[in-house]
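Student: Could you take me through the aromatic rings in this structure, with a close look at one pair and its surroundings?

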Amino acid sequence: MRKYLVIGLLAIIGYFLIGAFAEIPFGANRIGDPAAESTVSGYYLNNTVPKTKVANVITAIVVNYRGFDTLGEVTVLFLAVTGLGSILFRRKEEGEADRIQLSASPLINSGAKLLYPMVVLLGIYVFIHGHLTPGGGFQGGAIIATGFLLMMISYRDFKVSHGKLAWVESLAGITFVTLGFWGLFSGGTFLENFLPNGEVNQLISGGVIPVIYIAVGLKVAAELIGVLDTLLKIKPEQR
Amino acid sequence: MVITPVHYIAFPLLAAFLIPLIGKINRQAARIIPGIVLSYLAFVSVNLMIEVQSVGFITETLAGWKAPWGINLVFSKFSGLLATLISFMGLIIWAYSFNFKKVDTAISLKYQTLQMMMVTGALGMVLTGDIFNLFVFLEIVAISAYSLTALYRNRDGAEAAFKYLLIGSFASAFILLGIIILYTQVGTLNMAEISVRMVDVSIGMKTLIFTLFAVGFGIEAEIFPLNGWAPDAYSQAPGPIGAAFAAIVVKAGVYALIRVIFTIFDLDVASEFLIYAGFVTMVIAELSALRQTNLKRMLAYSSIGQMGFVLVAFGIGTQTAVVGALFLMFNHAVIKGLLFMSGSYLVYDTPGKEINALKGIAKQLPIVSFFFALGAFAIVGLPPFAGFWAKLWVLTAAAEKEMIMLIVIILLISVVEIVYYFRVLNKLYFDKRKEGVEVIKPTVQAFASMSVLAVTIIVVGLYPDIILGFLKNASDTLMDKSIYIKNVLGENMN
């Protein structure tokens, strides 16, 4: 009975949502449309490259126009890690639990060793070039974390130092907020771009945008690695 | 250094990222720094409140892009009032948490950071002028609230936190979906500009967006039937966090709902929704409170009931009613804060937090019991206390609109409140204490923070004019959305 009620409810919600989405012109071309100039998206598309010299408009939106949101999102991740740490924290007398005892095959072992530096390098590449190519801090950080995950599941004695992760995480976060304050104190507003913009498509361009994205990348990487390690270390009976 | 609203967000974030590093040098830092930051936020509040009274409206652009291109913060007489309330309550709860039970020991030095971030998130929700930014700060509040609920790491706490997590994620998904659909219709995320462009949106779309927002924010604002998480979370979370839920988290949820309704949608459409939703919430929650045997669950249901009352008052929608609603929110933050703080010491380590275990405890904990009694008197609305004035304003507003049924129900509900609060007081003062039961005396900091709240309740009760001026200004600012639009968009208005 309850099952049918739920299905009925979902059907009603679905009906209205489909009706709404059918009306929305997704994917319409807004770049060449002069009428779109007055909307926010039109403004971004027409003004980002000349004003901020950032080739990837999405990065400009994420880090500059809506940088405050990104600061908030980084904080959400930080809080999730902090919360996880405080809930899954084990006291010393409970004993430090090892990761689950699974031995990986030699194939995975050597493959992981080969791939690990490349994956990390790719992650670094993605967040350093966040203002030029698709991708950025969050994506690059996640890629780096997958490299570490690969090592964690291949080698059970692969240890990451939570102390070092905490350093990276904190320093990256501090960098982000400090750059924000710098904008505020150098006569502008919080998070304002105070560095010279340079030329479009150059690695060093876009003022603070790449700097912030590198900080975000390192922070996300450190946090996700911390999450993976904390979760993998849960004792079997705690699962 | 000029004080601007962004200090509310930037300093706590800086502190939160610094704490893990300073904590390596001195473990006490993780407890002290949040207090320093929260004191500074209270100082910022006072400064900005003084400034806003003379200039009328403070807006701040971020990242150098004017609204609608960038994100802006708005410290109006309305949002400023709530920001001030939240920052002061945050500071008081920090002081109360000091050395509270297991919360503030070496095991959970992260507690203070999470509590500070919960306050920051709520401040961000109140101050932001951008609807997606509102969502981001809601996430900050929610994520800290989930982990704080589970902080004791026992079975019930985990269950409560998991339930809260599921329902909260549901709320986030609904709000995000609502924002996406809204953006496709108006092409902007700035609330002032949305408000301008909302006239072009079809009524069907408006209804859909409103429903999504009402469900999403309704969960945070504890509207029936979306409040299933609340009693568990309130009773399982550490005592100070119960107070923070009532004083901070719910306030931010109600603010978001009210901001969306008053600024983005027309009140006429939404006012019936507010009245009915608030009404049902109030009646069901207060009747549930009557049946509770667990003190904290009783307070939680009472809290939900009060929020229902606030929504009814906003729904009536006249100036008098909005002043009453804001007064109720102020009262609820202060009084429910005091009730949770004193209640936490009354039921300190009793397993079920049973009201029956409190027999005659007033002899052992006279001052804590007095605080609880004061809170109970104030919240049910007995004349010399703060609660009375708020109820009077709302009842007057209802009478002006000739809503006789509503008045009758509100008065009947007040009787229900009196019954369940006085039942507890009766146990506290007039029952015989079992021999040899240990009680815990409050710490100095907890005692000080409870005293501050108690004094506030008494002073505001005797001289309500102290805050009425602020409340009236706030309600004027809230109700006239053209002020908001003009001040936020300025010359950019199109």
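Tutor: Happy to! Let's start with a term: a residue counts as buried when its relative accessible area is under 20%. Keep in mind that this is a predicted model.

Over all chains, the count comes to 41 aromatic pairs. Take the one formed by A:Phe68 and A:Phe190: the ring centres are 6.3 Å apart and the planes stand at 90°, so this pair is edge-to-face, a label for planes over 60 degrees apart. A:Phe68 belongs to helix H4 (residues 67-88) of chain A, while A:Phe190 sits in the loop between helix H7 (162-185) and helix H8 (208-232) of chain A, so the two rings tie together parts that are 122 residues apart in sequence. Now use our term: A:Phe68 has 3% relative accessibility and therefore counts as buried. A:Phe190, with a relative accessible area of 0%, is buried too.

For a second pair, look at A:Phe148 and A:Phe158, which is tilted, with 6.2 Å from centre to centre and 55° between the planes. Here A:Phe148 lies in helix H6 (residues 137-154) of chain A and A:Phe158 in the loop between H6 and H7 of chain A, ten residues apart. Both A:Phe148 and A:Phe158 are buried.

Back to our starting rings: ring pairs link A:Phe68 and A:Phe190 into a cluster with A:Phe181, A:Phe185, B:Phe11, B:Tyr40, B:Phe43 and B:Phe137.

Rings can also have a charge over them. In chain B, B:Arg31 lies over the face of B:Phe98, 4.5 Å from the ring centre, and B:Arg259 lies over the face of B:Tyr484, at 4.5 Å from the ring centre.

Note on methods
Residues numbered from 1 in each chain as written. Chains lettered and ligands numbered in written order. Predicted model: local features only at pLDDT ≥ 70, side-chain atom pairs only at ≥ 80, totals over all residues. Heavy atoms only, no water. Phe/Tyr/Trp six-rings, centres within 6.5 Å; stacked < 30°, edge-to-face > 60°. Helix = DSSP H or I, 4+ residues; strand = E, 2+ residues; numbered from the N terminus. Buried < 20%, exposed > 50% of the residue type's maximum accessible area, 1.4 Å probe, protein only. Lys NZ or Arg CZ within 6 Å of the ring centre and 35° of its normal.
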